[in-house]
Amino acid sequence: MGKERTGHRDLHVIAPARGLRLVDPTELWGWRGLFVALMVRDVAVRYKQTAIGIAWVGLQPLAMVAIFTFLFGKVGNVPTGGLPYPLFAFAAMVPWQVFSKSLMEGSMTLVSNRALVTKVYFPRVLMPAAAVFGGAVDFAITLVILLGMMAWFGFVPGWQILLTPLLLLLAFLTSLGVALWLSALNVLYRDVQIVLPFLAQIWLFLTPVLYPASVIPEQWRLLYAMNPMVTVTESFRWAVLGGATAPEPLILIVSTFTVFVILLSGIAYFRHVEREMADRI
């Protein structure tokens, strides 16, 4: 954005950025009011005109856990380290549900708000970011359900539960990084909205939500850790339910590094596509 003086008036010229650029924190801070407004709107619209409203946030993961308790807990006899399978699965389902919904909402937000993108100037990155971080409401609801289940089964959280905000942030950053990639690609290729549900489903089975990471052979663990949600789900389960074995430090490092690679590359690609977004959407 530049400024030219014309007579006694200032003319502000908005021009696309040149070269590879990430976000400008100062500019984003100036638009913080819009970010909050978009986040509140996304949460309100998500469950508008639904019969039971925000209760769907808890019912969906509970229904999945009920089904998989029969398939994996009763029939498959998946090892849970002595934990009741419903509690074992739901503890990992809490961060997964946040990640999955944030990913879906964030990836579709630009196309869903075509009129806003084409008519008004603002940092476009705010739209997927608001959709992603709006998932904090879903997290709060599912966490309350999880605490209720823990009380029912007689589990008391230890000091590790203080780490859950960091793990939630890691899940949000993963969602944001992937959503930036997919939302930008969705502007150029509408195939993304078709592939997205399939991608989320496959990613679920590649993440230790319904089974422990210990079932993965040792020689594949490092490659497996490149899925950042491996660390989030395993660490979250350990943080809220405890256990003798903490997540492996090497896996934590690899997953965290992967998160920041996805996030920074996602920001760079989003900024690249942003130049022609209003014309291509």
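This note goes through a predicted model, from the overall make-up to single helices and residues.

1. Overall make-up. The protein contains 13 helices and 2 strands, and of its 281 residues, 46% are buried. Among the contacts with a separation of 6 or more, 80% are made by residues that lie 24 or more positions apart. The exposed surface comes to about 14700 Å², and 69% of that surface is supplied by carbon and sulfur atoms.

2. The nonpolar core. The largest nonpolar core has 71 residues, and within it Trp 96 and Leu 146 are those with the most contacts. The elements that give two or more residues to this core are α3 (56–75), α4, α6, α7, α8 (164–188), α9 (191–205), α11 (228–241) and α12 (249–274). Once residues up to four places away in sequence are set aside, Leu 146 touches Leu 87, Phe 90, Ala 91, Val 94, Phe 236 and Val 240.

3. Helix α2 and its two sides. Helix α2 covers residues 32–46, and its 15 residues reach 21 Å from the first C-alpha to the last, which is close to the 21 Å expected at 1.5 Å a residue. Its buried residues are Leu 38, Asp 42, Val 43 and Arg 46. Seen down the axis of α2, these buried residues fall within an arc of 130°, and therefore they line one face of the helix. The exposed residues Val 40 and Val 45 are carried on the face of α2 that is turned away from the buried side. As for partners, the buried residues of α2 pack against α4 (85–112), α5 (114–119), α6 (126–133) and α7 (136–153).

4. Helix α11 and its ends. With 14 residues, α11 reaches 20 Å from its first C-alpha to its last, again close to the expected value, here 20 Å at 1.5 Å a residue. Is this helix enclosed by the rest of the structure, or open to the outside? Because 13 of its 14 residues are buried, α11 is largely enclosed by the rest of the structure. At the start of α11, a side-chain oxygen of Asn 227 comes to within 3.0 Å of the backbone nitrogen of Met 229, while just after the helix Gly 242 takes a positive phi of about 75°.

5. Glu 274 in helix α12. Glu 274 has its place in helix α12, and a reader may wish to check its burial with some care. Its relative accessible area is 19%, so Glu 274 counts as buried, given that the term applies under 20%. The side chain of Glu 274 is joined to that of Arg 271 by a polar contact of 3.1 Å. Leaving aside neighbours within four places in sequence, Glu 274 is in contact with Phe 122, Pro 123, Arg 124 and Val 125.

6. Leu 28 in helix α1. Leu 28 is found in helix α1, which spans residues 25–30, and because its relative accessibility is 23%, Leu 28 counts as partly exposed. Although Leu 28 and Phe 122 are 94 residues apart along the chain, their C-alpha atoms are separated by 9.1 Å. Apart from its neighbours within four places in sequence, Leu 28 is in contact with Val 23, Pro 123, Val 125 and Leu 126. Pro 123 and Val 125 are thus worth viewing from both sides, as they are among the contacts of Leu 28 and also among those of Glu 274.

Technical notes. Residues numbered from 1 in each chain as written. Predicted model: local features only at pLDDT ≥ 70, side-chain atom pairs only at ≥ 80, totals over all residues. Heavy atoms only, no water. Helix = DSSP H or I, 4+ residues; strand = E, 2+ residues; numbered from the N terminus. Expected span 1.5 Å × (residues − 1). Buried < 20%, exposed > 50% of the residue type's maximum accessible area, 1.4 Å probe, protein only. Arc of directions from axis to C-beta. Contact = heavy atoms within 4.5 Å. Core = buried A, V, L, I, M, F, W, Y, C linked by side-chain atoms within 4.5 Å. Polar contact = N/O pair within 3.5 Å; in protein donor to acceptor, adjacent residues only side chain to side chain. Areas by Shrake-Rupley, 256 points an atom, 1.4 Å probe, with all protein chains shown as cover.
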